[in-house]
Amino acid sequence: MVGTLNIDYSQPTQSVGWVKSRDDLDRLMEKVYVAQQKFRMLNQQQVDKIFHRAAIAATQNRVALAKMAVDEGGMGILEDKVIKNHFSSEYVHSRYKDTKTCGVVEIDTLGGFEVVAEPVGILAGIVPCTNPTSTTIFKSLLALKTRNCIVFSPHPRTAKCTM
């Protein structure tokens with residue numbers, strides 16, 4: 001069911017905060033670091049479940065998110081943003097849902113080695129004002145699939161719809 005998201009953007013949530021100072025950033029990064037240490041321990045089945053649910057949530061809210069992006073950013077065509085949001089969630093999910101991203105992902109018996117997938121760590125996500133919601137969906141899903149936490153830096157013009 002597609003509807004309007006009921007989110008109060010006047011105050012940041014516990015997991016998302018407006019960074020206004022170096023101290024704010026330090027506190028945020030400490031929390032993200034703790035989360036990253038837990039997230040990196042998940043197995044493939046757990047990661048795939050999170051990835052799937054996030055993609056479904058983004059797909060279900062593609063219209064509401066597109067409307068928020070157009071309203072806040074003051075640019076773009078609603079229908080185009082809906083398509084971009086849908087592509088960012090459906091295509092990324094369909095393309096990577098069966099990709100192994102935890103543990104041993106390849107064994108080269110001839111060369112005598114294994115390729116082991118490990119998260120890189122905390123990622124930085126820069127989000128433009130032109131496509132804030134589709135960019136955030138795309139980057140979030142890839143971060144989730146690879147067990148990486150991500151901290152977004154949205155364009156000030158579209159910060160609320162990014163969060």
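This guided tour proceeds through the structure one selection at a time. The model is a predicted one.

**The whole chain**

Begin with the entire protein in a cartoon view. Six helices and four strands make up its secondary structure. Followed from the N terminus, the elements come in the order α-α-α-α-β-β-β-α-β-α. Of the 163 residues, 33% are buried. The protein exposes about 10200 Å², and 58% of that area is supplied by carbon and sulfur atoms. Among contacts between residues at least 6 apart in sequence, 73% join residues at least 24 apart.

**The main core**

Next, select Phe51, Ala55, Ala58, Leu65, Met68, Ala69, Val92, Ile137, Leu141 and Cys161, and show their side chains. These ten residues form the largest nonpolar core of the protein. At least two residues of this core come from each of H2, helix H3 (62-73) and helix H5 (132-145).

Keep Ala69 selected. Which residues is Ala69 in contact with, leaving aside its neighbours within four places in sequence? They are Gly74, Lys81, Pro132, Thr133 and Cys161. A second core, separate from the one just shown, has five residues, among them Val32, Phe39, Cys149 and Val151.

**Thr59 in helix H2**

Move now to helix H2, which covers residues 44-60, and select Thr59 within it. Is Thr59 buried or exposed? Its relative accessible area is 11%, and Thr59 therefore counts as buried, the limit being under 20%. Apart from neighbours within four places in sequence, Thr59 is in contact with His86, Ser89 and Glu90.

**A hairpin of two strands**

Select strand S1 (residues 103-108) together with strand S2 (residues 113-117). The two strands run antiparallel and are joined by five bridges. To see one pairing, display Val104, which stands opposite Val116 in S2. In a regular strand, side chains alternate between the two faces of the sheet.

Then look at the turn of the hairpin that S1 and S2 form, where four residues lie between the strands. Gly112, located in this turn, has a positive phi of about 75 degrees.

**A nonpolar patch on the surface**

For the last stop, switch to a surface view and select Tyr33, Val34 and Ile122. Together they make a nonpolar surface patch of about 270 Å². Where does Tyr33 lie? Tyr33 belongs to helix H1, which spans residues 22-39.

Technical notes: Residues numbered from 1 in each chain as written. Predicted model: local features only at pLDDT ≥ 70, side-chain atom pairs only at ≥ 80, totals over all residues. Heavy atoms only, no water. Patch = residues over 30% accessible without salt bridge, like charges linked within 9 Å, V, L, I, M, F, W, Y side chains within 5 Å. Areas by Shrake-Rupley, 256 points an atom, 1.4 Å probe, with all protein chains shown as cover. Salt bridge = Lys/Arg side-chain N within 4 Å of Asp/Glu carboxyl O. Buried < 20%, exposed > 50% of the residue type's maximum accessible area, 1.4 Å probe, protein only. Contact = heavy atoms within 4.5 Å. Pairing = 2+ DSSP bridges. Core = buried A, V, L, I, M, F, W, Y, C linked by side-chain atoms within 4.5 Å.
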